[in-house]
Amino acid sequence: DTVRLAIGNTDSADDFTGWGIAAAGGVSSTTELRLWSHDNFGEDLLINPIDGAIYYWDKSNGFSNRAVNITSLSGSNNAPTVAKQILVSDVDRHVIAFGTNPVGSSTQDPLLIRFSDQDNAADWDISSDTNTAGDLILGGGSEFIQAVKTKQAIIVFTDKTLHAMRFQGPPYTFGLEELSKNITIMGPNAAVAVEDAVY
């Protein structure tokens, strides 16, 4: 039997190529893999394809229901429309979006970090005095690459720098500390944390 690889539209037999046979179409050398980040928000799930929207799957709705864009959640307020990676901070339960769009814009800023109100995946209003939502700008490099959670901090890699993002509490919620300059990382899946060590 021939192992078949789907290429493009699967409506036609011409869209399949046998194992070891060159495909007719090509992939641009500037195209990135479609990597997904995900994290638990209690029993629910947050998911994000790199440079795509952020989705929320609610367990209480059952397995037959799909995840929805966080901009469509009840009470959604200034939620990001695009991000490179998302995660949930362990201790304080803020949803954090890396390489996201500023409030009031749909243009992605590759160095912008935004975080939601504590324990609320829908409220991202940074102008409110009654929530803990906010944003930070990475001070080095030209784009965010990867964030990794440790017990002490969230380690944030850009293409040129390494930062530690730590929960500080009110009024700033989170703070950034530059740990190193002139470093590189291979890609968005290159680092992993074990306890407090990042490899």
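Two strands count as paired if DSSP finds at least two bridges between them, and a strand here is a DSSP run (E) of at least two residues, numbered from the N terminus. With that in hand, look at E12 and E13: a hairpin joins E12 to E13 through two residues.

A word on the ground rules. The model is predicted, so local features need pLDDT of at least 70 and side-chain atom pairs count only at pLDDT 80 or more, while totals for chains, interfaces and linings use all residues. Residues are numbered from 1 along each chain as its sequence is written, and side-chain values use heavy atoms, with hydrogens and water left out.

**The chain as a whole**

There are 16 strands and zero helices in the chain. Of its 199 residues, 40% count as buried; buried means under 20% relative accessible area, exposed over 50%, and partly exposed in between, using a 1.4 Å probe and protein chains only. The accessible surface of the chain is about 11,600 Å², and carbon and sulfur atoms supply 50% of that. Such areas come from the Shrake-Rupley method with a 1.4 Å probe, and for residues only the protein chains shown count as cover. Take the contacts with a separation of 6 or more: 40% of them link residues 24 or more positions apart. A contact here is heavy atoms within 4.5 Å.

**Antiparallel pairs**

Here are some of the antiparallel pairs side by side.

| Pair | Bridges | One residue pairing |
|---|---|---|
| E3 (residues 36-41) and E4 (residues 44-49) | six bridges | Asp-39 with Leu-46 |
| E4 and E5 (residues 55-57) | three bridges | Leu-46 with Tyr-56 |
| E12 and E13 | four bridges | Val-156 with His-163 |
| E13 and E14 (residues 173-181) | eight bridges | His-163 with Glu-178 |

Follow Leu-46 and you walk across E4: Leu-46 is the bridge partner of Asp-39, and in E5 Leu-46 is partnered by Tyr-56. E3 and E4 form a hairpin with two residues between them, and Gly-42 in the turn has a positive phi of about 65°. The hairpin of E4 and E5 has five residues between its strands.

His-163 plays a similar part in E13. His-163 is the bridge partner of Val-156 and stands opposite Glu-178 in E14. Three residues make the hairpin connection from E13 to E14. Pro-171 lies in that loop, and the peptide bond from Pro-170 to Pro-171 is cis, with omega near 5°.

**An open sheet**

Four strands make an open sheet in the order E7-E8-E9-E10, with antiparallel pairing. Which strands stand at the edges? They are E7 (85-88) and E10 (134-137), and each has a single partner strand, so one side of each is left without a neighbour in the sheet. Neighbouring strands of this sheet are turned by 20° against each other on average, direction ignored; the axes behind that angle are lines fitted to C-alpha atoms. Strand E9 (residues 112-115) is joined to E10 by four bridges, and one of the residue pairs is Phe-115 with Gly-134.

**Loops with unusual backbone**

Most residues other than glycine have a negative phi, and most peptide bonds are trans. Asp-51 goes the other way, with a positive phi of about 60° although it is not a glycine. Asp-51 sits in the loop between E4 and E5, and counts as partly exposed because its relative accessible area is 32%. Arg-93 also has a positive phi, about 55°, and is not a glycine either. Arg-93 is found in the loop between E7 and strand E8 (95-98), and at 26% relative accessibility it counts as partly exposed.

**Lys-160 and its surroundings**

Where is Lys-160? Lys-160 is in the loop between E12 (154-158) and E13 (161-169). Its relative accessibility is 46%, so Lys-160 counts as partly exposed. Leaving aside neighbours within four places in sequence, Lys-160 is in contact with Gly-141, Ser-180, Lys-181, Asn-182 and Ile-183. Asn-182 is 22 residues away in sequence, yet the two C-alpha atoms are 5.0 Å apart.

**The end of the chain**

Tyr-199 is in the segment after strand E16 (197-198). At 60% relative accessibility, Tyr-199 counts as exposed. Together with Val-192 and Val-194, Tyr-199 makes a nonpolar surface patch of about 320 Å². Such patches are made of residues with over 30% relative accessible area and no salt bridge, with nonpolar side chains (Val, Leu, Ile, Met, Phe, Trp, Tyr) joined within 5 Å and like charges within 9 Å. A salt bridge is a side-chain nitrogen of Lys or Arg within 4 Å of a carboxyl oxygen of Asp or Glu.

Note on methods:
Axes are lines fitted to C-alpha atoms, for helices over the stretch in contact, and angles run from 0 to 180 degrees between N-to-C directions.
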